[in-house]
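Here are some short exercises with worked solutions. Have the sequence and the model open beside you as you go.

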Amino acid sequence: MTGPVRARGPRARTPWPLLVPALAGLAFLVLPLAGLLARAPWATLPERLAEPRVLEALRLSLVTATIATAVCLLLGVPLAWLLARTTLPGRRLLRALVTVPLVLPPVVGGVALLLVLGRRGLAGQWLYDAFGVSLPFTTTGVVVAEAFVAMPFLVIAVEGALRAADQRYEEAAATLGASRWTVFRRVTLPMVAPGVLAGAVLCWARALGEFGATITFAGNFPGRTQTMPLAVYLALETDPDAAIVLSLVLLAVSVIVLAGLRDRWVGAA
Amino acid sequence: MSMEAHLVVERPAFRLDVELRAAAGEVVALLGPNGAGKTTALRGLAGLTALSGGRVELDGAEVHHLPPERRRIGVVFQDYLLFPHLSALDNVAFGPRCQGLGKAAARRVAAELLDRVGLAGHADVRPGRLSGGQAQRVALARALAVRPRLLLLDEPLAALDAHTRLVIRAELRRHLADFDGATILVTHDALDAMVLAHRLVVIENGAVVQTGTPSEIARHPRTDYVARLVGLNLYRGEADGNHVVVGDVRFSSAERLTGPAFVAFPPSAVALYRTRPDGSPRNLWQAVIDGIERHGDNVRVHLHGPIPLLADVTPAAAADLDLTPGRQVWAAVKATETHAYPA
């Protein structure tokens, strides 16, 4: 009788050299979160959550991360298309440059942004002289910092989806009379939609957790540039319990949003 | 709407150089083995593969410098390539929409075409839920929806199972008869080509090796590939009067010829004997059995000797003859079924 043995086969036969590190890895990722839950000041949690400082930081975080994601979509999807579908000279260098913010320490990214977009920066000085616009230490600056750090996640995900997509569908659309823009809008984009959504989710999550570039470029002004990660860091110095509460809120929001999106779109892809 | 084209596509280790013509309402089959360049030729016509040289003319106007979206050439791709995110109706409406029709008008056109291919009830179905035959019909409707000047079909029946193929082949024949533009059909299946096309163009290794009506090609193949395709034995030899000499074998035939000539006859025209037959031994030689296989209701015997040969014998005859590989037999071909024609 091989039936019953077979039924539990794959699970029973997970090799040890895979299982042990896998479980260790899982513990490594989950234990810190458990620690957060264990040390949370549950008794005073409701009143702490109602503090305007917490709500303000949460609102700012959600708004800036969402706007930053929108900006990344608007600029990143076309950029990904350019990298995936054209034969630009120096495309390999371009692709490397696009991924630089991934490996760059975010603080360095913030410094770089200041040098370019700061009031005395290359582009910033012109922006200020011509339009009276100054980005550093503003909410817009937060969005800029978050978008800078998060965009590579979107570009890489969308570029991957574009490369994996079957280009013959685009040829079929062309024979039906579709211009290249129509092909992109009505065939390419719908076909890579799962990849775009996955990229957008990653991008949003990265923007939500952004710290280094934001504090360097936008500063730490409550209500204006103080996002949740910044508030956590600040609270850690003065009121560790508050830091834990803020972290829990950030954690809860991320998990709810990511789990919701994953099941709806990413998982279905 | 007539089409005239000279297609040249150069690749490393491959060169396609073919001339194609199709009159309005004519169906031309591009027939050839895998890798012959059939699909490349089709892509060249559609503008999906750049030509290294030559030209494509529709009704006398050059279109080879136009991008595919401006040629108005309908293509039915081998695996249909229906857009997976659009319903059957919207797949068909895609072309009319691109031609500037409003959403409602485009859908009306699409609904009418779906009705014509017998899929009015499947308008809202996504391609993933269509059967192979249904997807083929939607693909045809989608290609026809742009009112193409030229219709290109790339192995339109290859992805279908045997029964569906039969049904769709008959349907396709009807739809092509209704289509007033020129049609080019790419296939490696002789039957599809014979049933659907008015004229065949056979290409091998990127060049045209034979053209003609299905009946011409079926009777007078000029290459081994075509002969295999139409199921004939084919030899090239030297004719003098009523004889064609192929190697050591002398064929007599009804036609009078001189110079280089082909001899063709069906495997069923061959009779096999264990001993030298009596009577008038024309077209007779000794051959050695290589192997046997089932072929329809008969047994197909592969032989070698002075010339390679296929022979079809009845199972009863096969049993009497004791056809084992390596056995020597006498092969005779009826002169009345032997065709000779100039090479």
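**Exercise 1.** Find the UniProt domain feature in chain A and describe the span.

*Solution.* Start with the record: the unreviewed UniProt entry puts "domain: ABC transmembrane type-1" at residues 58-261 of chain A. Such annotations may be inferred rather than shown by experiment. Next, look at the span itself: 80% is helix and 0% strand, and the end C-alpha atoms of residues 58-261 of chain A lie 20 Å apart. Helices (H or I, at least four residues) and strands (E, at least two) are DSSP runs, numbered from the N terminus.

A note before going on: this is a predicted model, where local features need pLDDT of at least 70, side-chain atom pairs count only at pLDDT 80 or more, and totals for chains, interfaces and linings use all residues. Residues are numbered from 1 along each chain as written, chains are lettered from A and ligands numbered from 1 in written order, and side-chain values use heavy atoms, without hydrogens and water.

**Exercise 2.** Work out how the two domains of chain B meet.

*Solution.* First, take the bounds, which come from an automatic or database domain assignment: domain 1 is 3-226 and domain 2 is 231-342 of chain B. Seven residues from each of these domains of chain B take part in the contact (heavy atoms within 4.5 Å). Then compare the C-alpha centres of the two domains of chain B, which lie 39 Å apart. Finally, the area buried between them is about 610 Å², with 58% from carbon and sulfur atoms; buried area is the accessible area (1.4 Å probe) that two parts lose on being put together, summed over both. His220(B), Pro221(B) and Arg222(B) supply 67% of what domain 1 of chain B buries against domain 2 of chain B, more than any other three residues.
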